[in-house]
Structures are given as C-alpha cells and as structure tokens.
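Visitor: I should like to learn how to read a protein model step by step. May we look at one together?

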Amino acid sequence: MTIGAAAFESDWMVEGMAPRMYGHILSASGQLPDAMLMGESVEEDEFSHITVLREEVAEFLEVREGMLILDGTLGGGGHAEALLERGAMVVGVDQDEEALEAACERLEPFGERFLALGENFRDLGEILEEASVQLDGVVLDLGVSSWQLDSPARGFSFRHNAPLDLRMDRSSGLTAAEFLAEVEESDLADIFWKYGDERASRKIAKAIMARRAKEPIETTYDLAETIEKVVPRRGRVHPATKAFQALRIFINDELGALEEALTWIPRHLKPGGRVAIVSFHSLEDGMVKRWMRGLSSEWIDRPEWSEPRRNPSCVLREVFKKGIVPSKEEIERNPRSRSARLRVAERRRKA
Ligand SMILES: C[S@@+](CC[C@H](N)C(=O)[O-])C[C@H]1O[C@@H](n2cnc3c(N)ncnc32)[C@H](O)[C@@H]1O
C-alpha cells in the first residue's frame, strides 16, 4: 500500500507510508484497448496520445480550482491532465508501474497538485478510509491503454509476437500463458463466451486443449494461430480478437475490480461530488448503469409490497440518464473510441 509524492500535505500524508515516486519515460497513453485488437490497419503513433471523452469527463465533473479528484485509471495521464489544467488536485492511480512512470513524467509540470499511487483501484476504499479522505470527484476510464497494447513486450496484442502475459500488474497473478496451461476446457469456453461474447467459444477452447497437449502456448502468436486454425477470418476483424479480450478481462479480473470500486465510491464522495465512468464493454457499462440506477432511485417497488417504499440507499443522482458517447468527430479522429460510454452521477447532499 503506497501513497506517493509529498503533495496534498496533511490530509494525504499517511504516517509510515513510503512515498512511491515514478519519474520518466513515455508519451501519454491514448485509449482504446479493444479496437487495437480489431486488426485495423493503423499507424502505431496514430492513437498513442488520444484520451477518450477528455473534455466531457472534465466538464461533467464540474472541476473547480482546489478540488480533490481521484483518477483511478491514470494510464498516460490524459484525463488527469485535463483536470489539473482546470486547477484540481489529482491523485492518479494505476496498477501498471510503467503507466505510472509515464504519467508522472507528463504531469510533472503540475508539481504538488499531482500525486501518483501504484494500486489496484479495487483496494482504494481501505486506503481512503485510513487516510480519512473525502473526494470531490472520481474518474474511471476502464480497460487498458493503447500504450499497453502498442508495447510489444507486454503481450496484450497479437499484432506483435510476445510472451502471452495480458496482466496490467505484472507483479501479481498468473500470466495468460500460465493460466492456459492449467485451465479446464469448459471453464475456458465459459470465459470466451462470457467476456468475449465469442460464439465459437467451445471450438476455441477445444483447439487450445489439443495444442496444449502437444506443446505449451507461450506467445501471442501461438494463441492467435491456434484460434485462426479453427475460426475462419471474416472481414477485417481477426478471429482471435474476442478471445484475447475475454482472456484479458478474466486475467485482470476487470469486472471484479469494478464491482469493488462501486462499493467504495459513494462512501468517499463528498456531498455534491461526482463520479465519471467511461466503459468500453457492455458488461462494464451494464454494471455501472445498474449501480447508478440502484443508488439513484428514490423509490423502490416490489411485487410483494402493496406500495412503493423509499429507497434507503438513495445516495446518488444520475447527472444524465443515457450514457454520453463520443461525437462523430471524435470517432473519426479516433475510431477506437467508438465503443466508449460515459456515465456520471453526483453524491446527493442529503441521503
Ligand atoms: C484506458 S487506460 C486510461 C487512460 C487515461 N485515462 C488517459 O487518458 O491516458 C486504463 C488504465 O487503467 C489502468 N487500470 C485498469 N484497471 C485498473 C485497476 N483495477 N486498478 C488500477 N489501474 C487500472 C490500466 O493499467 C491503464 O493504464
């Protein structure tokens, strides 16, 4: 557990916590994980600095000078930068050390108004509790960054041959290669189906078992080839796209992390504070939508009740009912933003 850099004095300084400073490398991230896997022929640099819904996130958080905002998915620091430019103090969290280093370099000009924290956002409830911190805003921009996908050594994309890793936090958990070496066929098929919406889930799982019996699946190319042999290529989308996405979501327990974050966010938002969540996957967006609705409805009704009752958990207000999607211009500029959806809620002043 680490809170980095000596910014935000008093409130943020947690006794006994060693600062974790990061300080070099990289350009900021852009966005857009899954589309990176879509086999689109794009120049690598084309997306490397693009943050999705950058201005919209800052605008809907109603950022004012001196606000304390937590960016739980710092990535290359694009959203954090937009918040800092508007005068906020930002705590940037990422579980990927290399992303933190990159963002620290980019955000260095903001000095002590920016603080970096190497954590999984799922664990922040406890950390904020310990530090007795209440926030004016929270941003989550889910998934992986294009920098992670573009980096051949990270093994996120079959565009490069690399060890099949797929972890954002390389210090913990199984790599995708290790997982594939031990998973049961039926469990693997369920993962492809559930997280990738992959109709050929069983066929792919079977092919992986057959290959694994002969030789280990160690690299991104090993896996992509195995899939390509049993799922014919249709159009521009590589047949391994959905399977890679599903494995990544599973390996990083992305939905579990989101679920945990949704439990601490309302507790740590000040009255009037806002949370903005950008999702790229319908499972994530569905979770966020149900969560916001559940905590925003003033009344609940059940068939067994004679009349609706007040919702004791009504602590949020949805800022808008439908998610915001990128403009046509943004999608044209950055096709990988096309699946993004932003939802924003505000902590009610009175529960
Ligand atoms: C889509 S990128 C964020 C891009 C960033 N908003 C920008 O504009 O540059 C997502 C980042 O969140 C990080 N991330 C994803 N899930 C996380 C989690 N549970 N805890 C901490 N970091 C996470 C990833 O490592 C990645 O760097």
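**Reading strand β1 and its surroundings**

Guide: Let us begin with a single strand. Strand β1 covers residues 68-71; from this strand L68 and L70 point one way, while I69 and D71 point the other way, and all are buried. Please keep in mind that this is a predicted model.

Visitor: Why is I69 counted as buried?

Guide: The general idea is to count neighbours: a residue is buried if 20 or more other C-beta atoms lie within 10 Å of its own. I69 has 25 other C-beta atoms within 10 Å, and therefore counts as buried.

Visitor: Which residues does I69 touch, beyond those up to four places away in sequence?

Guide: With residues up to four places away left out, I69 touches L61, V63, L83, A88, V90, L135, D136, G137 and V139. One may also compare sequence with space: I69 and L269 are 200 residues apart in sequence, yet their C-alpha atoms are 9.6 Å apart.

Visitor: In which sense do β1 and β2 pair?

Guide: One reads the bridges between the two strands. β1 and β2 pair in the parallel sense, over four bridges. As an example, L70 has V91 in β2 as its bridge partner.

Visitor: In what order do the strands of the sheet lie?

Guide: One follows the pairing from strand to strand. Here seven strands form an open sheet with mixed pairing, in the order β3-β2-β1-β4-β5-β9-β8. The edge strands, β3 (114-118) and β8 (316-318), each pair on one side only. On average, neighbouring strands of this sheet are turned by 20° against each other, direction ignored.

Visitor: How many bridges join β4 and β5?

Guide: Six bridges join strand β4 (residues 135-141) to strand β5 (residues 269-279), in the parallel sense. Within this pairing, L135 stands opposite L269 in β5.

Visitor: Is V278, in strand β5, buried or exposed?

Guide: The neighbour count is used again. V278 lies in strand β5, and V278 is buried because 30 other C-beta atoms lie within 10 Å. Leaving out residues up to four places away in sequence, V278 touches V52, L53, V57, D141, L142, A340 and L342. V278 and L342 are 64 residues apart along the chain, and their C-alpha atoms are separated by 4.4 Å.

Visitor: Where does helix α5 lie?

Guide: A helix may be placed by the strands that it crosses. Helix α5 (residues 97-107) lies across β2 and β3, and runs at about 175° to β3. The buried residues in α5 are A99, L100, A102, A103, C104, R106 and L107. Their cover includes α4, β2, β3 and α7 (146-150).

Visitor: How many residues surround the ligand?

Guide: The shell around the ligand has 24 residues, and the closest are T51, T73, G75, G76 and G78. The elements giving two or more residues to this shell are α4 (78-85) and β2 (89-94). By character, the shell divides into seven nonpolar, 13 polar and four charged residues.

Visitor: What share of the residues in the chain is buried?

Guide: Of the 351 residues in the chain, 48% are buried. The chain contains 15 helices and nine strands.

Visitor: Over which residues does pLDDT stay under 50?

Guide: Confidence should be read along the chain as well as on average. The average pLDDT of the chain is 86, and 86% of the residues score at least 70. Over residues 1-47, however, pLDDT stays under 50.

Notes. Residues numbered from 1 in each chain as written. Predicted model: local features only at pLDDT ≥ 70, side-chain atom pairs only at ≥ 80, totals over all residues. Near = placed C-beta within 6 Å. Nonpolar A, V, L, I, M, F, W, Y, C, P; charged D, E, K, R; others polar. pLDDT = per-residue confidence, 0-100. Contact = placed C-beta atoms within 7 Å. Pairing = 2+ DSSP bridges. Axes fitted to C-alpha atoms, helices over the stretch in contact; angles between N-to-C directions. Buried ≥ 20, exposed ≤ 12 C-beta atoms within 10 Å, placed from the backbone.
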